[in-house]
Amino acid sequence: DIFKIGVGPSSSHTIGPMRAAARFVERWLAETGDLDRVARVTAELYGSLAMTGRGHGTDKAIVCGLEDNWPDKIDPDAIPPLLERVRGSQRIHLGGKREVAFDEKTDLIWNKRQKLPYHVNGMRYTAFDAAGAIIVTRDYYSVGGGFVVNADEAAADRIVADTTPLPLAFHSGDELMALCEQHGMTIAQLMLENEKVWRSETEIREGLLNLWKAMQDCVARGLRSPGELPGSLHVKRRAPAMYSDLRDRPEASLKDPLTILDWVNLYALAVNEENAAGGRVVTAPTNGAAGIVPAVLHYYDRFCPKSNEQGVIVFLLTADAVGILYKENASISGAEVGCQGEVVVACSMAAVALTAALGGSVL
């Protein structure tokens, strides 16, 4: 869950709200049989979501989510025409089925001076019947990394822990290291055993390789997409020109070995620009820091002589363990720890993961 495939530009302000909107319609309207009673729906944003949501595409994400689109499945190229249709007709297809009125000016509410009690990224979804009576209302919190909880699941400002018993549970770096030493395991091996509680080893490997493919696709698209990023600032994409320069001067690496770092920076930049453009990225652990882990993994894959598929598996499992430590003991939410905090987490994940993939020991 640390790694999720979604769309940019923000895991907490884009992916989280889209998931919350889709979950609200699915769980509290479709599954309860109340969808056919809905005549109107509203979404209210609080705290950081209200303050910076427009720049992060929160409004767009909510519209897409209400129409039963999920971050890991929606085609980024399909978002603009969907928004044009909803805004032009002021009608929305709840759950992709029930067409109701939806005017963003009145039904998408930005409460910039208010906060919900449990987290700075709060949102409230409400469905009304034809008489204007409330059918159901639910509060959700986007707590970073695309993770979403509702008010029934929140306590203080933390996610309620998954109660599934794990064979090798850990809650701190010291516990993780002690378990590895006690059982003679690497971090990746320990993580694999824990992941088997939810899915088979084959499914784990397939899922991790699917994440790796999504990272590769994101970098490739970032390298071949010239032009400007969306928005009024007219920021020009830099990755395509930088790629052309490095590709056309292969002898530069013979003069300066540090040229390799230019490639690593390029991979990260390609992801970041795709994220800013609303493209498909992998939270690693967030959209704000999404370029770091893929960039270092690309370095391993393309510049390390002994790189292989198993090394990619080890890399991602190890990075996941480090991400869990931050998520449980601190935060991966930029609204709580700042964008620098997200980057610190990603750098830690990438550094430990690369060490493991290259054969470094736990101790």
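**A walk from strand S8 to helix H11**

Let's begin at Asn150, which lies in strand S8, residues 147-150. This is a predicted model, and in it Asn150 has a relative accessible area of 2%, so it counts as buried. Setting aside residues up to four places away in sequence, Asn150 touches Arg27, Asp139, Tyr140 and Tyr141.

One of those contacts, Tyr140, takes us on to the aromatic rings. A pair of aromatic rings is described by the distance of the centres and the angle of the planes. The count of aromatic pairs here comes to 6. Among them is the pair of Tyr125 and Tyr140, which is edge-to-face, with 6.0 Å from centre to centre and 70° between the planes. This pair links distant parts of the chain: Tyr125 belongs to strand S6 (residues 121-128) and Tyr140 to strand S7 (residues 134-144), 15 residues apart. Are these two rings buried or exposed? Tyr125 has 0% relative accessibility and therefore counts as buried; Tyr140, with a relative accessible area of 0%, is buried too.

For another geometry, turn to Tyr299 and Phe303, a stacked pair with 6.0 Å centre to centre and 20° between the planes. These residues are 4 apart in helix H12 (residues 292-303), so about one helical turn separates Tyr299 from Phe303. Tyr299 counts as partly exposed because its relative accessibility is 25%, and Phe303 is likewise partly exposed, at 31%.

Back among the strands, ring pairs join Phe24, Tyr125 and Tyr140 into a cluster. Rings also meet charges in this model: the charged end of Lys4 sits over the ring of Phe147, 3.2 Å from its centre. The charged end of Arg40 sits over the ring of Phe128, and there the distance to the ring centre is 5.2 Å.

Our last stop is helix H11, residues 259-276. How far should its 18 residues span? At 1.5 Å a residue the expected value is 26 Å, and the end C-alpha atoms are 26 Å apart, so the two agree. Many side chains could be followed from here; the buried residues of H11 include Trp263, Leu266, Tyr267 and Leu269, along with Glu273, Glu274 and Asn275. What do the buried residues of H11 pack against? Their partners are helix H8 (201-223), helix H9 (239-248), helix H10 (252-255), strand S11 (280-282) and H12, the helix that holds Tyr299 and Phe303. After H11 comes Gly278, whose phi is positive, near 80°.

Note on methods:
Residues numbered from 1 in each chain as written. Heavy atoms only, no water. Helix = DSSP H or I, 4+ residues; strand = E, 2+ residues; numbered from the N terminus. Buried < 20%, exposed > 50% of the residue type's maximum accessible area, 1.4 Å probe, protein only. Contact = heavy atoms within 4.5 Å. Phe/Tyr/Trp six-rings, centres within 6.5 Å; stacked < 30°, edge-to-face > 60°. Lys NZ or Arg CZ within 6 Å of the ring centre and 35° of its normal. Expected span 1.5 Å × (residues − 1).
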